[in-house]
Amino acid sequence: MPSLEQLATFLDATLDIARIPDYPNAVNGVQLANVGDIQRIATAVDFSTETITGAIDAGARLLLVHHGMFWGGVQPLTDHRHRRLWMLVTHDVAVYSAHLPLDVHRQLGNNVLLAARLGLEPSSGFATYQSIDVGVSGESDVPTRVLAERAGALASEFKGSLVATPFERDRVTRRWGICTGAGADSSSLREASRRGLDTLIVGEGPHHTAIEARELGIVVLYAGHYATETLGVRALGDQLASTFGLTSTFIDVPSGL
Ligand SMILES: [Zn+2]
């Protein structure tokens with residue numbers, strides 16, 4: 001049975017944790033250590049009391065998440081924040097978090113996996129952040145309606161629903177961009193317009209993005225922050241499980257968004 005150190009070494013290398021930039025609160029890598037060896041792992045999109053409970057119930061000694069322990073910033077370890085920590089330590093569960101490194105990964109990343117799920121093949125990057133392209137983009141000949149149906153199927157799998165800006169029934173998507181999670185904002189729309197993209201598929205975005213998109217002639221499909229980010233952690237968990245002979249359980253706690 002591997003130790004946390006062995007798993008972390010593998011994860012850090014696979015995800016290129018040291019090289020990929022991220023928001024300060026992401027704190028990618030091991031966020032909480034444990035003591036014993038690890039036979040079972042759990043994966044989840046979010047760090048929360050419910051996902052910790054799921055991990056403990058699954059017998060996991062490592063919880064692998066996309067939005068980690070420090071996502072909400074520096075806060076006192078009281079109330080539910082204390083409870084989470086207490087549960088983890090008393091059950092000897094470690095926490096490893098991978099945010100942008102998991103979004104951008106070429107095989108296990110949320111963005112390439114969402115493209116595959118929608119039947120799209122990326123040929124380039126999209127949604128530039130510092131030195132990296134977080135998202136992917138490409139060309140297609142698919143009716144926008146069909147993409148919306150596929151994105152809607154993913155959303156409903158995770159108790160969400162697709163929100164789409166209005167489009168004509170016979171519209172065809174020729175150039176698309178994908179950025180999972182909070183992928184629609186003024187800067188990604190500007191970039192989409194500059195690159196001549198006509199359809200964006202994202203997790204979520206503020207109201208003004210729908211208005212701006214219409215002005216730019218871009219259709220945005222909002223498939224859900226949660227749903228679009230379930231893909232990477234599950235793939236990473238499966239990869240870790242097959243490499244080390246472990247059991248990986250996905251703890252599905254939809255956020256509703
Ligand atoms: Zn996210």
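1. **The start of α7.** In this predicted model, D185 caps the N-terminal end of helix α7. A side-chain oxygen of D185 lies 3.1 Å from the backbone nitrogen of S187. Helix α7 itself spans residues 186-194.

2. **The two sides of α7.** Which residues of the helix are buried? They are S188, L189, E191 and A192. These residues cover an arc of only 160° around the axis, so they sit on the same side of α7. On the other side, R190 and R194 are exposed. The general rule is worth recalling here. An α-helix has 3.6 residues a turn, so residues three or four places apart point the same way.

3. **What α7 packs against.** The buried residues of α7 pack against two strands named β5 (124-129) and β9 (199-202), and also against α8 (207-216) and β10 (219-222). After the helix comes G196. The phi of G196 is positive, near 75°.

4. **D198, after the helix.** D198 is placed in the loop between α7 and β9. Is D198 buried or exposed? Its relative accessible area is 14%. The cut-off for buried is under 20%, so D198 counts as buried. The side chain of D198 reaches the backbone nitrogen of R174 at 3.0 Å. Leaving out residues up to four places away in sequence, D198 touches R171, V172, T173, R174 and R175. D198 also touches G217, I218 and V219.

5. **Strands β5, β6, β8 and β9.** β5 and β6 form a hairpin with two residues between them. Q130 sits in the turn, with a positive phi of about 50°. Strand β6 covers residues 132-143, runs antiparallel to β5 and is joined to it by five bridges. One pairing to check by eye is G125, whose bridge partner in β6 is V136. Six bridges join β6 to β8 (residues 172-179), and this pair is antiparallel too. There, E139 stands opposite R175 of β8. R175 is also among the contacts of D198. From β8 the pairing goes on to β9, with four bridges and a parallel run. I178 stands opposite I201 in β9.

6. **The five-stranded sheet.** An open sheet has five strands in the order β1-β4-β3-β2-β11, with mixed pairing. β1 (29-32) and β11 (247-250) stand at the edges with a single partner strand each, so one side of each is left without a neighbour in the sheet. Direction ignored, neighbouring strands of this sheet are turned by 30° against each other on average. At one edge, β1 runs antiparallel to β4 (residues 94-97), and three bridges join the two. The bridge partner of V30 in β4 is Y96.

7. **The zinc site.** Which residues give the protein donors of the zinc ion? H67 and H225 each do so through NE2, and E229 does so through OE. The donors lie 2.1 to 2.2 Å from the ion. Their spacing in sequence is H-x157-H-x3-E. H67 lies in strand β3 (residues 62-67) and E229 in the loop between α9 (225-228) and α10 (230-244), so this pair ties together parts that are 162 residues apart in sequence. Both H67 and E229 are buried.

8. **H225 in more detail.** H225 is placed in helix α9. At 17% relative accessibility, H225 counts as buried. The C-alpha atoms of H225 and G181 are separated by 4.2 Å, although the two residues are 44 residues apart along the chain. Not counting residues up to four places away in sequence, H225 touches H67, G181, A182, G203, E204 and L257. H67 in that list is also a zinc donor residue.

9. **H105, a histidine in a loop.** H105 lies in the loop between α4 (100-104) and α5 (110-117). H105 is buried, with a relative accessible area of 13%. Which backbone atoms lie by polar atoms of its side chain? The backbone oxygen of T14 lies 3.2 Å from a polar atom of the H105 side chain. The backbone nitrogen of L108 lies 2.9 Å from a polar atom of that side chain. With neighbours within four places in sequence left aside, H105 is in contact with T14, L15 and V112.

Terms used. Residues numbered from 1 in each chain as written. Predicted model: local features only at pLDDT ≥ 70, side-chain atom pairs only at ≥ 80, totals over all residues. Heavy atoms only, no water. Donors = N, O, S within 2.8 Å, 3.2 Å for Na, K, Ca; no water. Buried < 20%, exposed > 50% of the residue type's maximum accessible area, 1.4 Å probe, protein only. Pairing = 2+ DSSP bridges. Axes fitted to C-alpha atoms, helices over the stretch in contact; angles between N-to-C directions. Arc of directions from axis to C-beta. Contact = heavy atoms within 4.5 Å. Polar contact = N/O pair within 3.5 Å; in protein donor to acceptor, adjacent residues only side chain to side chain.
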